[in-house]
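Colleague: I would like to learn how to read the enclosed spaces inside a protein. Could we go through one case together?

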Amino acid sequence: MFLSVKEERATVSEAIAAVVRDVGSPVFGVVGNGNIHFVSALTANNDAYTSMRHEAGAVAAADAYHRTTGKIGVATTTYGPGFTNALTPLSEALHARIPVVYVLGDIPTFGRRPIDVDEHALLTALGVPFVVAGPHNAEEVTRWAFHQAFEDNSPIVVLIPYDLVDATLSDPATTFPVSGPTIERSRRAGDPDISAETLHDPARADALAEELACDLVGAKRPIILVGRGVINSGTLSHVESLGEDLGALFMTSVMARNCVPDQWNLGIAGGFMHRGRLDVVRRADVVLVLGASLNMFQVRKGTLFGERTKIFHVDREPQDSLATVHKQVAADLKVILPKLVQAVARQHELTAHVGDKSEGARGWRPHAAGLPACERDDLDPGCFQETASDGRLDPRFVLRRLDELLPDNRTVVTDGGHFIGWVPKYIDCPDARSTVLVGTAVMTIGLGLSSAVGATIGRPDRCTALFTGDGGALMGLADLEVFFRVARQKQHMTCGEDPQFRGIGPGEQEPSAVMIVLNDAAYGAEVHQYVPRGLDPSAMLLEDQNFAAMGEPWGVAGLTVTTPEQFRPGGEVEQFLKAQAGDPCILDVKISRIPVADFLKE
């Protein structure tokens with residue numbers, strides 16, 4: 001057992017480890033000279049540490065852990081190449097607004113050596129905040145990093161200079177230096193710079209709520225777009241009350257899916273929305289966006305809303321969007337939403353003498369005879385076919401069947417790639433925190449396997465279903481062994497102190513994890529975008545790999561799926577999944593590259 005942080009002989013690395021232990025965060029890492037003392041301080045105390053096999057995987061796993069739990073995961077790597085290997089998932093976490101604490105080895109205090117890279121400059125260029133830990137401030141800056149990561153929804157880096165990793169603590173200073181940049185927020189010209197104090201100001205929230213209520217009351221076809229900010233802020237009950245009072249329909253971001261009643265839920269907004277629901281969205285006169293970023297995917301590259309739709313965007317940091325936003329409101333949802341519910345009720349009282357006085361006549365719901373069907377062949381030709389003209393499986397058929405065959409109690413992790421346009425449409429999830437969609441923030445692939453590790457650690461009570469493409473799977477193979485390892489350890493894990501969580505025990509008729517490779521033998525997104533423009537496809541095509549055999553060194557079973565018959569009820573896929581009780585497995589599904597996902601069509 002190492003010494004307490006407060007004891008004089010504790011080191012910088014031990015002090016940081018003690019804060020991580022106190023917070024209760026699991027750590028994902030790859031060891032090296034710059035962080036070996038920190039990791040040793042964790043493992044010697046039996047703290048939650050998962051050895052990854054690639055530095056990018058350490059950050060990606062910590063990112064996914066937060067997405068599934070709402071808690072902060074910790075990543076750690078050494079300096080230099082350990083850091084540069086992790087730049088892509090660090091950028092993804094930043095742009096996706098995921099709080100992660102990244103403990104990183106740093107250049108020595110006496111200056112850069114020939115082997116060093118300027119990590120401060122690289123972090124500044126990315127826009128990622130960082131602090132430097134030393135003997136006088138190690139505990140303070142680490143606690144600040146956890147607090148600020150939550151406050152800003154941002155990764156924060158804690159740097160340990162190489163010559164200070166085992167330095168003993170001195171008396172803590174009353175203040176500590178915070179290095180690094182302030183994250184630049186994307187704002188429209190003329191928008192004020194909103195401070196944290198302003199965000200939490202009740203008087204300002206009262207004024208904004210009254211203003212928004214005036215805009216919303218009287219809308220004939222209102223829709224509320226619910227984003228992850230609503231989930232994180234715990235304000236869903238207020239959103240449901242607001243929807244009922246306005247007579248609004250709902251739609252959600254991917255990361256907030258299934259958080260509102262199905263009766264009024266149009267589904268996932270943007271490029272993942274079924275074509276049968278698009279006309280309803282485009283006829284909305286008012287859309288209230290709560291805690292969603294309105295990114296490219298959410299607004300369907302600017303085509304989701306009608307030309308006359310008024311959009312009101314409420315978030316902590318409203319971003320610029322391809323959609324035309326009528327009004328942006330920077331506000332803390334926990335502060336403004338209760339006030340907005342009250343303000344809308346007051347507005348209804350003031351206008352009760354005009355028009356129909358019955359509460360049921362408000363908004364869209366009284367006139368909606370039910371939501372339209374999600375899919376129609378005339379809107380999406382071929383959407384119900386089982387195979388495409390090349391004889392390979394249609395991805396839409398594959399995913400419909402997998403939605404029925406995979407365990408209901410699941411976490412769905414989706415890597416980047418062309419197939420990403422299909423998975424959220426067809427694979428359902430039990431709640432908002434059971435979807436881990438990686439790669440969309442910075443358009444990357446290859447982080448799926450590592451993300452599945454973090455999701456499995458975060459929710460060991462669920463079957464982890466990883467959807468990846470063949471290109472992304474090959475890129476991320478370094479952490480294949482880690483995924484199998486943690487999937488087999490599920491029955492020994494706990495998920496916080498919540499009694500509803502349980503590990504998947506041996507003998508249950510479901511696999512602990514399934515790696516589904518949607519294998520089109522190509523970089524599909526590039527094929528669909530650039531072959532029609534006349535570019536040569538040679539570098540876009542991949543040799544068709546046997547992914548089903550890739551688990552053999554670890555005793556993990558695999559199945560190659562090439563025909564619709566294998567997906568029939570009681571067929572080979574169903575029997576295979578049942579046979580993997582408590583174990584991970586692989587499905588190598590040969591899909592066609594002919595169908596094109598909507599996000600590439602528009």
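The dialogue below goes from the whole chain to its cavities and then to one lining residue.

Modeller: Keep in mind that this is a predicted model.

Colleague: Before the cavities, what does the secondary structure of the protein come to?

Modeller: There are 21 helices and 18 strands.

Colleague: What share of the residues is buried?

Modeller: Of the 602 residues in the protein, 58% are buried. The protein exposes about 23700 Å², and carbon and sulfur atoms supply 51% of that area. As for contacts with a separation of 6 or more, 76% join residues 24 or more positions apart.

Colleague: Now the cavities. How many of 30 Å³ or more does the structure hold?

Modeller: A cavity is a space where a 1.4 Å probe fits but cannot get out. This structure holds two of 30 Å³ or more. The largest has a volume of about 40 Å³, and the second largest has about 30 Å³ of space.

Colleague: Which residues line the largest cavity?

Modeller: Its lining consists of Val-59, Ala-60, Asp-63, Arg-67, Pro-89, Glu-92, Val-438, Leu-447 and Ser-451. Two elements, α3 (55–69) and α5 (87–96), give two or more residues each to this lining. The largest share, four residues, comes from α3.

Colleague: How does that lining divide by class?

Modeller: The lining of the largest cavity has five nonpolar residues, one polar and three charged.

Colleague: And which residues line the second largest cavity?

Modeller: Around the second largest cavity are Val-254, Arg-257, Val-412, Thr-414, Val-423, Pro-424, Ile-427, Thr-435 and Leu-437. Here the elements that give two or more residues are β13 (410–414), α15 (423–426) and β14 (435–437). By class, six residues of this lining are nonpolar, two are polar and one is charged.

Colleague: Let me take one residue from that list. Where is Thr-435 found?

Modeller: Thr-435 is in strand β14.

Colleague: Why does Thr-435 count as buried?

Modeller: The cut-off for buried is under 20% relative accessible area. Thr-435 counts as buried because its relative accessibility is 4%.

Colleague: With which residues is Thr-435 in contact, leaving aside its neighbours within four places in sequence?

Modeller: Those contacts of Thr-435 are Val-254, Met-255, Arg-257, Val-412 and Cys-429. Val-254, Arg-257 and Val-412 also appear in the lining of the second largest cavity.

Notes
Residues numbered from 1 in each chain as written. Predicted model: local features only at pLDDT ≥ 70, side-chain atom pairs only at ≥ 80, totals over all residues. Heavy atoms only, no water. 1 Å grid on protein atoms, 1.4 Å probe; cavity = no way out; pocket = protein on both sides within 12 Å on 5 of 7 lines; lining within 4 Å. Points joined across faces, edges and corners; volume = space filled by probe spheres on them. Nonpolar A, V, L, I, M, F, W, Y, C, P; charged D, E, K, R; others polar. Buried < 20%, exposed > 50% of the residue type's maximum accessible area, 1.4 Å probe, protein only. Contact = heavy atoms within 4.5 Å. Areas by Shrake-Rupley, 256 points an atom, 1.4 Å probe, with all protein chains shown as cover.
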